[in-house]
Protein chains: 2
Amino acid sequence: MAVRDYGQYDGITQALELVGERWALLIIRDLLVGPRRYGELAAGLPRIPSNILAARLKEMQAAGILRRAPRSRVVIYELTPYGRELEPVVLALGAWGSKALGDPREEQIITPDAMTMSLRTAFRPHVAAELPATAYAARVGPAELLVRVDGPTLDVARGDGPADLAFSAGPGIHRLISGELAPDRAIATGEVEVLRGPRDLLGRFASTFHLAA
Amino acid sequence: MAVRDYGQYDGITQALELVGERWALLIIRDLLVGPRRYGELAAGLPRIPSNILAARLKEMQAAGILRRAPRSRVVIYELTPYGRELEPVVLALGAWGSKALGDPREEQIITPDAMTMSLRTAFRPHVAAELPATAYAARVGPAELLVRVDGPTLDVARGDGPADLAFSAGPGIHRLISGELAPDRAIATGEVEVLRGPRDLLGRFASTFHLAA
DNA sequence: CTGGATCCTGCCCGATACTG
DNA sequence: CAGTATCGGGCAGGATCCAG
């Protein structure tokens, strides 16, 4: 730890020493959605080598960012309060990076946890507060999410459920959120397919989840 | 770029592909203070190998984060507007990391640019707005900074100048900003030495620059 | 002298096999 | 299922060298 060290004393450097290594912040991203088992983390990060996942978990545990918690026969990993304080960092990174997202390449996948954090990034509570409570069932690739907006609060859960609007989308959903693609055009081009519910609710979705340019 | 790829399509992953590699965000940190020449960047990051610095500059230039700008015979590097949008990310990282800063190790240094960004991180504009305009001349290790607070705006420049309060501090200045160390105790223990001006202005400094727990 | 490019060494990462 | 062990390759680290 002492050799491969940035050698500076300030907050940014310290942060990078703790979570600056490869894969670390993606593990944090998934744990911000909820506690996860080792296998769940591995499934959400298909390209991570298992030794790297194990190493990162150990390092971040030693740093007080996450903890191994035994839960009725199985072990789960969960963020400590200090680890949860990384949420603004992850949201800021997500907001910045999403502006540089082009079209997805063939091998790029969208995982449920990544999609959940993207929605949290794009969520505009002050806009949502003015709108009626709405539940959306969104299927993005293989990810099924139940998105409940109630006033200024957002809840995203995996799986299906009762929803005012159910739709299925490809990665083009990002262009909808970025405002690059208008809701009705998204439906017209087939990038978003409405499965149940009034299709004009997609406009409400787009104004609730929006990343400013 | 295609092999060492995270393989996911979302904002956070994209951000990490652009600025997630070693040293990248420290270069951004320094460029957020102002345009810098190659040698200035190298001086502010003493441990970076020159090939890595050159490589990062090229990569981030290709990504549209910074640009090489010829300025009267010399080349300077400056952030593009998109690169400047990383400021919230860097500030969030700095705020988070500074909470984990222990005592500095022997070899850890404080550079002027790092200190400038630390001050920006800790600056509380709403508090400063209630206080009279104040100029501080702060010497932290080898870094000499002129810190001007005028209402809700902050300006940090290198070098000396007219100031209401001039003080010299070690790395313990971070404990002052974190609230761990009261201003009068910082003076009493010698962690901060007031060179010119009324010493109770250090209290104003500490309430202007403060990181919430 | 500044702004890099080049070389070599070593370690981290990536991939996979293997084990409690 | 939850990791550990092992090995090869590639990026990082450090010194040196080159061009304008």
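Ala, Val, Leu, Ile, Met, Phe, Trp, Tyr, Cys and Pro count as nonpolar here, Asp, Glu, Lys and Arg as charged, and the others, Gly among them, as polar. A residue is near a strand if one of its heavy atoms lies within 4 Å of it. This is a predicted model, where local features need pLDDT of at least 70 and side-chain atom pairs count only at pLDDT 80 or more, while totals for chains, interfaces and linings use all residues. Residues are numbered from 1 along each chain as its sequence is written, chains are lettered from A and ligands numbered from 1 in the order in which they are written, and side-chain values use heavy atoms, with hydrogens and water left out.

**View 1. The protein surface near DNA strand D.** By class, this surface has 6 nonpolar, 5 polar and 9 charged residues. Arg37(A), Ser50(A), Tyr77(A), Arg22(B) and Arg56(B) come nearest, out of 20 residues around DNA strand D. Sugar or phosphate accounts for 71% of the strand D atoms within 4 Å of the protein, and bases make up the rest. Helices (H or I, at least four residues) and strands (E, at least two) are DSSP runs, numbered from the N terminus. At least two residues each come from α3 (38-44) and α4 of chain A and from α4 of chain B.

**View 2. Side chains reaching DNA strand D.** Look for Tyr77(A), where a side-chain N or O atom is 2.7 Å from a phosphate oxygen of DNA strand D. Trp23(B) also has a polar side-chain atom by a phosphate oxygen of that strand, at 2.8 Å. Asn51(A) goes for a base instead: one of its polar side-chain atoms lies 3.2 Å from a base oxygen of DNA strand D.

**View 3. The protein surface near DNA strand C.** Now for the other strand: of the 20 residues around DNA strand C, Arg22(A), Arg56(A), Arg37(B), Ser50(B) and Tyr77(B) come nearest. Of the strand C atoms that come within 4 Å of the protein, 69% are sugar and phosphate. The class split on this surface is 6 nonpolar, 5 polar and 9 charged residues.

**View 4. Side chains reaching DNA strand C.** Arg56(A) puts a polar side-chain atom 2.5 Å from a phosphate oxygen of DNA strand C. For Ser50(A), the partner is a base oxygen of DNA strand C, 3.4 Å from a polar side-chain atom. Arg4(B) has a polar side-chain atom 3.4 Å from a sugar or linking oxygen of that strand. Two or more residues of the surface near DNA strand C come from each of α4 (50-62) of chain A, and α3 (38-44) and α4 (50-62) of chain B.

**View 5. Helix α2 in each chain.** Buried means under 20% relative accessible area, exposed over 50%, and partly exposed in between (1.4 Å probe, protein chains only). In chain A, 9 of the 10 residues of helix α2 (residues 24-33) are buried, so this helix is largely enclosed by the rest of the structure. Its buried residues include Leu25(A), Ile28(A), Arg29(A) and Asp30(A). Helix α2 (residues 24-33) of chain B is mostly covered too, with 9 of its 10 residues buried; among them are Leu25(B), Ile28(B), Arg29(B) and Asp30(B).

**View 6. The largest nonpolar core, with Ile65(A) picked out.** A nonpolar core is a set of buried Ala, Val, Leu, Ile, Met, Phe, Trp, Tyr and Cys residues joined through side-chain atoms within 4.5 Å. The largest one has 64 residues, and Ile28(A), Ile65(A), Trp96(A), Ile28(B), Ile65(B) and Trp96(B) touch the most other members. Contact means heavy atoms within 4.5 Å. Leaving aside neighbours within four places in sequence, Ile65(A) is in contact with residues including Leu18(A), Ile28(A), Leu86(A) and Trp96(B).

**View 7. Glu78(A) and its surroundings.** Glu78(A) sits in strand β3 (residues 74-79) of chain A and counts as buried at 14% relative accessibility. Its side chain joins that of Arg71(A) through a polar contact of 3.2 Å (a pair of N or O atoms within 3.5 Å; within protein, one must be able to donate a hydrogen and the other to accept it, and residues adjacent in sequence count only if both atoms are side-chain atoms). Beyond four places in sequence, Glu78(A) also touches Pro35(A), Leu66(A), Arg67(A) and Ala69(A).

**View 8. His174(A) and Ser98(B).** His174(A), in helix α9 (residues 173-177) of chain A, is buried at 13% relative accessible area. Not counting residues up to four places away in sequence, His174(A) touches Ser98(A), Leu101(A) and Tyr9(B). Ser98(B) lies in helix α6 (residues 87-98) of chain B and is buried, with a relative accessible area of 6%. With neighbours within four places in sequence left aside, Ser98(B) is in contact with Gly11(A), His174(B) and Leu211(B).
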